[in-house]
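These notebook entries record what I looked up in the structure. I began with the ligand and then turned to one helix.

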Amino acid sequence: MSEQHFDCDVLVVGAGPSGLAAAYRVAQSGKSVIVADDNPDAGGQIWRGESKKVTSSEAAAWFEKIRNSKIRFVNGVRIFQQTKPGSVLGEIENDVNHFFYQKLVIATGARERFLPFPGWTLPNVMGAGGLQALVKSGLPIAGKKVVVAGSGPLLLAVADYLKRNHADVLLIAEQAGRGKLAGFGFGLLGQTQKISQALKLRSQLSGVQYLSGCWPIAANGSEKLQSVTLRRGAKDWEVECDYLACGFHLVPNLELPQLLGCQLAKDAVKVDEFQETSVAGVFCAGEATGIGGLELSLVEGEIAGLVAAEKKDLAQALFGERRKHHKFADALNGAFQLRPELRSLAKADTIVCRCEDVRYSELQSSDSWRAAKLHTRCGMGPCQGRICGSAVEFLFGWKAESVRPPVFAVRVGSLRHD
Ligand SMILES: Cc1cc2nc3c(=O)[nH]c(=O)nc-3n(C[C@H](O)[C@H](O)[C@H](O)COP(=O)(O)OP(=O)(O)OC[C@H]3O[C@@H](n4cnc5c(N)ncnc54)[C@H](O)[C@@H]3O)c2cc1C
């Protein structure tokens, strides 16, 4: 195992839209900037693969700007630990990278929220974004019957992507009720870009049923998924399918900012108007500061990059645009709040922590996340609670009390800097 050292004025962790926008603004100022990301290519969740095969004009425009900037990318590296303020460690294949910086921009994005229900661990039951990512990486989906279910606008984006790749998308089941969705649509009035995106998606998804107030209560099959049971009002019914693409909106990736001591507010990283966290010199942008969509991630990234590069005046010029996108974010999170009925989806024998095989009934006697970890190892497997953490928070109201290094499972050799 070898160790490589990297020095820069600004380190950006995360190469999604917010990280790219931040890095671009830093590079424009003439300061040195490194972007570290755990994926093989830049782009984050929404622009995965776009650096090689462009399908979105907005992504193309950003990648063009990036190509013409002096940004150093370190891909395939997971930042897992802080050694002292101003330096973090990342694991990359068999090596450790040691990054030293003056300023840090955290742009770690979000992940899907999964809720346990009978059969959710069967093969071919996948996260909605997860299935999309697999198809982008080559999983054949043409002709496969897919049910898309859960909550949030990601369901529409995924259904559209799968349909364009010739999947047979049978229906989209959205747990949010019609009233909330109508309110959300009404809130979009005046946001022409969002309305035109929504209309485009609607026309591309014509022929695919969109059922509001509907959610999966069971995935059925012996070796792998064969059907899904859906509930809407008083009616339950079964739909045969090859895949269930299922996610219940998104949750911010908070492990790294929490490790660095950044305070949280409303389940996201707390930032001031300059995107600076409670730790001086550490900024945060994009979905780690709250779920708000692509445009908000981009403008927050630009502001964070500009301020990290000591260009506060230019950053202030973007505050108005950010305000507009914050309004959209508030409406989004209000509309796709999870309904209480989803708390009773898991049955006594339903697995909640799939890494450690912990069932719902084993958790019921605990009164905190800490107690549940001590008694059952819930959240202590390879994913370190990234999947079950947000589920137990919704089911039992438990929050992680602290985050300890490493924030990802790493080799023992990588930990020698303690
Ligand atoms: C699975 C998924 C699929 C999505 N698909 C769509 C879609 O099709 N259409 C759409 O409009 N929106 C989609 N979204 C929402 C979209 O990602 C956001 O709206 C927005 O673009 C997020 O940008 P970001 O820069 O904040 O984060 P992201 O794009 O999530 O980028 C964050 C990056 O940081 C990396 N990272 C995190 N922690 C570390 C670490 N410790 N070390 C190294 N790297 C790290 C992540 O791997 C990721 O590459 C999706 C979201 C998810 C979670």
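**Entry 1: the ligand shell**

Which helices and strands each supply at least two residues of the shell around the ligand? I was working from a predicted model. I found that α1 (17-28), α3 (128-136), α4 (154-164) and α8 (294-308) do so, together with the strands β4 (78-84) and β7 (110-112). I then sorted the shell by residue class and obtained 13 nonpolar, 13 polar and 5 charged residues. There are 31 residues around the ligand, and S18, D37, D38, Q45 and E287 come nearest.

**Entry 2: polar contacts of the ligand**

I next looked up N and O atoms beside the oxygen atoms of the ligand. The side chain of D38 places an N or O atom 2.4 Å from a ligand oxygen. For the side chain of N39 the corresponding distance is 3.0 Å. L294 takes part through its backbone, with an N or O atom 3.3 Å from an oxygen atom of the ligand. I also noted the area: the ligand taken alone exposes 990 Å², and the protein buries 89% of that.

**Entry 3: helix α12**

Which residues of α12 are buried? In this helix, residues 369-376, I listed W369, A371, A372 and T376. Viewed down the axis of α12, these buried residues fall within an arc of 160°, so they line one face of the helix. Their packing partners are β21 (358-359), α11 (360-363) and α13 (388-396). On the face turned away from the buried side I found the exposed residues R370 and L374. Finally, I checked what follows α12: it is R377, with a positive phi near 70°.

Notes. Residues are numbered from 1 along each chain as its sequence is written. This is a predicted model: local features need pLDDT of at least 70, side-chain atom pairs count only at pLDDT 80 or more; totals for chains, interfaces and linings use all residues. Side-chain values use heavy atoms; hydrogens and water are left out. Buried means under 20% relative accessible area, exposed over 50%, partly exposed in between (1.4 Å probe, protein chains only). Helices (H or I, at least four residues) and strands (E, at least two) are DSSP runs, numbered from the N terminus. The arc is that of the directions from the helix axis to the C-beta atoms. Contact means heavy atoms within 4.5 Å. A residue is near a molecule or strand if one of its heavy atoms lies within 4 Å of it. A polar contact is a pair of N or O atoms within 3.5 Å; within protein, one must be able to donate a hydrogen and the other to accept it, and residues adjacent in sequence count only if both atoms are side-chain atoms. Accessible areas come from the Shrake-Rupley method with a 1.4 Å probe; for residues, only the protein chains shown count as cover. Ala, Val, Leu, Ile, Met, Phe, Trp, Tyr, Cys and Pro count as nonpolar, Asp, Glu, Lys and Arg as charged, and the others, Gly among them, as polar.
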